[in-house]
Amino acid sequence: MIVFKRLVRLAKPHTAKLLLAMFFMLIVGGLTSVLAFLVKPALDDIFVERNASMLQWIPLAIIAIYLVKGVCTYAQSIIMNWIGQRIVTDLRNHLYNQIQRQSLSFFTKNPTGVLMSRITFDVNYIQGAVSEAITSLMKDSFTILCLVFVVFWRDWKLAIIAMVVFPLTVYPISRFGRKIRKAVTGAQITMGSLTSLLQETITGARIVKAFCMEAYENKRFAKESENLLKLFMKAVSVNALSSPLMEFLGGIGIAVIIFYGGWQVIHGTSTPGTFFSFLAALIMLYEPIKRLTATNNQIQQGISAAERVFAIVDAVPEIRNRPDAVELPNITKGIDIQDVTFRYEEDTVLRNINLSIRAGETLALVGMSGGGKTTLVNLIPRFYDVSEGSILIDGRDIREATIESLRGQIGIVTQQTILFNDTVRNNIAYGNQKASEEDLIAAARAANAHDFISKLPNGYDTLIGEQGMKLSGGERQRISIARAILKDAPILILDEATSSLDTEAEIEVQEALENLMKGRTTLVIAHRLSTIRNADRIIVLVNGAIIEEGNHETLLERQGEYRRLYNMQFREG
Ligand SMILES: Nc1ncnc2c1ncn2[C@@H]1O[C@H](COP(=O)(O)OP(=O)(O)OP(=O)(O)O)[C@@H](O)[C@H]1O
Ligand SMILES: [Mg+2]
């Protein structure tokens, strides 16, 4: 019930509006029972007594009642939906902010589709629970209360009989609620994996086609779809049964009551007006009670969705600012990697790394694929925190600094080029939106990107498509280099920054990068050894450990791993 309390707390800021809506609901509920109440004078005075003045008043009263009831229903519905949508909009934004705060490991653990379905489907279920369920909870319960009053007022003995028969319907309702909740939870989880699958295969369409895996993917999708169908049908079959079952039980109740009430009228102990007013109120009870049971289901759905949403909202980012975090001044002395060991999960990926990088130095990392180069450079901006040991910048542990001040001084070109479906300009200015047009173009020029950008249909305002699909791999890479250049950060991390460029383009970009590296502390990762020849120092990383260190010439002389890598490339190239 903690989840339920949290949902209620979300509604708290809207108490005033909620009270207003409740006021309208009370009117609606009250007027409904007045209608039932009017059945008696309508029958006894107009039809039995043939009273002409009542013939004028009662129809007029009925018109007036429906008019007021309609207006109030409209007003409360608008207010309640506003509250529901408001709460859900805030919750959605909050959820998104929470997701943005998470560390990279969170995104490794939670597939994209699942996160997407939290924000889209689950949040909507909550909206249903909040606006529709709360409305029905208040409006219908009050209507029920008023109608029960009419029922008792008209004939308390009959009412008692009815009250014995109808609660029998309550038992199945609570049972159904639980079943539906279980089925729906399953369906929502499956929906998440379906979205994941969709997202993956649509963005990966090229690979699917290249490997002729369409049929395989179709099968995979169909399987998940089938799963979903089964789970939905489970929810539906429970849901569908609850209404006819209740109707049937209600029918039995009404039959009993007609028998007893009719017997009373025939024997003269009651009037037809009293009986029909009673019956009208009883029948009118059916709708709100039915809605309340549906509400129960809706609340169950909302709660199970809320549980999943809150689980994400409550996830504490692994990497966050310490309460006493300080601003990290721009690097002046250097980076010290001290006894660093790192594991993603169990496997140790980096082992006792010790490395000092002077400010302004260019350090290159080479070594076999999977050796841990990307992992090592990812530790510097704290994409992950070290498992053991520490990383210091100018003698201060980076975990003591604010994440913003740390990442603010690091420019990165990642191994996988990540671009957004936006204009070239916005992709380059990402992270430095205040940059002037001249700086932007200068950065693009330095990255050897200005020429091809100028040839695009709308130049810098061209939309590049999802993940930069409309550009070639090398063009994408040059844009991401321009983005790092524009950031103008004192620490530069280049992870295979020029790997997608041909030798000609690479030479040009290399020049630009070398200009850029001047005066900056740079970590370069490259497979092509030609690109790192001029580095001040080269580190060879194999299986998570540094096995060689030196500059190009000394390492070549050593006849070790570096020599081996060099010979291999020399022979191939
Ligand atoms: N997010 C992750 N979760 C778990 N293991 C990971 C993760 N990322 C990388 N690894 C593992 O860590 C090891 C080192 O990977 P890393 O990406 O650092 O290698 P690399 O030296 O950059 O290789 P490459 O030259 O191919 O880019 C690999 O064995 C890889 O399987
Ligand atoms: Mg790598």
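**Chat about the sheet, the magnesium ion and ligand 1**

Modeller: Let me start with the sheet in this predicted model: 4 strands make an open sheet, ordered E2-E1-E4-E5, with antiparallel pairing.

Colleague: Which strands are at the edges?

Modeller: Strand E2 (348-358) and strand E5 (396-397), each of which pairs on one side only.

Colleague: How many bridges join E4 to E5?

Modeller: Strand E4 (residues 388-393) is joined to E5 by 2 bridges, and the two run antiparallel. As for residues, Leu392 is found opposite Asp397 in E5.

Colleague: OK, switching to the metal. Which protein atoms are donors of the magnesium ion?

Modeller: For the magnesium ion (ligand 2), the protein donors are OG1 of Thr374 and OE1 of Gln415, at 1.9 to 2.3 Å from the ion. Thr374 belongs to helix H11 (residues 373-379), while Gln415 sits in the loop between strand E6 (410-413) and helix H13 (424-428), so the pair ties together parts 41 residues apart in sequence.

Colleague: And Thr374, what does it count as in accessibility?

Modeller: Thr374 counts as partly exposed, with a relative accessibility of 26%. Gln415 counts as partly exposed too, at 41%.

Colleague: Now ligand 1. How many residues surround it?

Modeller: There are 13 residues around ligand 1, and the closest are Ser369, Gly370, Thr374, Thr375 and Gln415. H11 gives the most to that shell, with 3 residues.

Colleague: What's the shell around ligand 1 like by class?

Modeller: It has 8 polar, 4 nonpolar and 1 charged residues.

Colleague: How far is an oxygen atom of ligand 1 from an N or O atom in the Thr374 side chain?

Modeller: That distance is 2.6 Å for Thr374. For the side chain of Gln415, an N or O atom is 2.7 Å from an oxygen atom of ligand 1. With His527, an oxygen atom of ligand 1 is 3.4 Å from a side-chain N or O atom.

Colleague: How much of ligand 1 does the protein cover?

Modeller: On its own, ligand 1 has 630 Å² of accessible area, and the protein covers 65% of that.

Colleague: Last topic, E9 and E10. In which sense do they pair?

Modeller: Antiparallel: strand E9 (residues 537-542) and strand E10 (residues 545-550) pair over 5 bridges. Val540, for instance, has Glu548 in E10 as its bridge partner.

Colleague: And how many residues are between the strands in that hairpin of E9 and E10?

Modeller: The hairpin has 2 residues between the strands, and Asn543 takes a positive phi near 50 degrees there.

Conventions:
Residues numbered from 1 in each chain as written. Chains lettered and ligands numbered in written order. Predicted model: local features only at pLDDT ≥ 70, side-chain atom pairs only at ≥ 80, totals over all residues. Heavy atoms only, no water. Donors = N, O, S within 2.8 Å, 3.2 Å for Na, K, Ca; no water. Buried < 20%, exposed > 50% of the residue type's maximum accessible area, 1.4 Å probe, protein only. Near = heavy atom within 4 Å. Polar contact = N/O pair within 3.5 Å; in protein donor to acceptor, adjacent residues only side chain to side chain. Areas by Shrake-Rupley, 256 points an atom, 1.4 Å probe, with all protein chains shown as cover. Nonpolar A, V, L, I, M, F, W, Y, C, P; charged D, E, K, R; others polar. Pairing = 2+ DSSP bridges.
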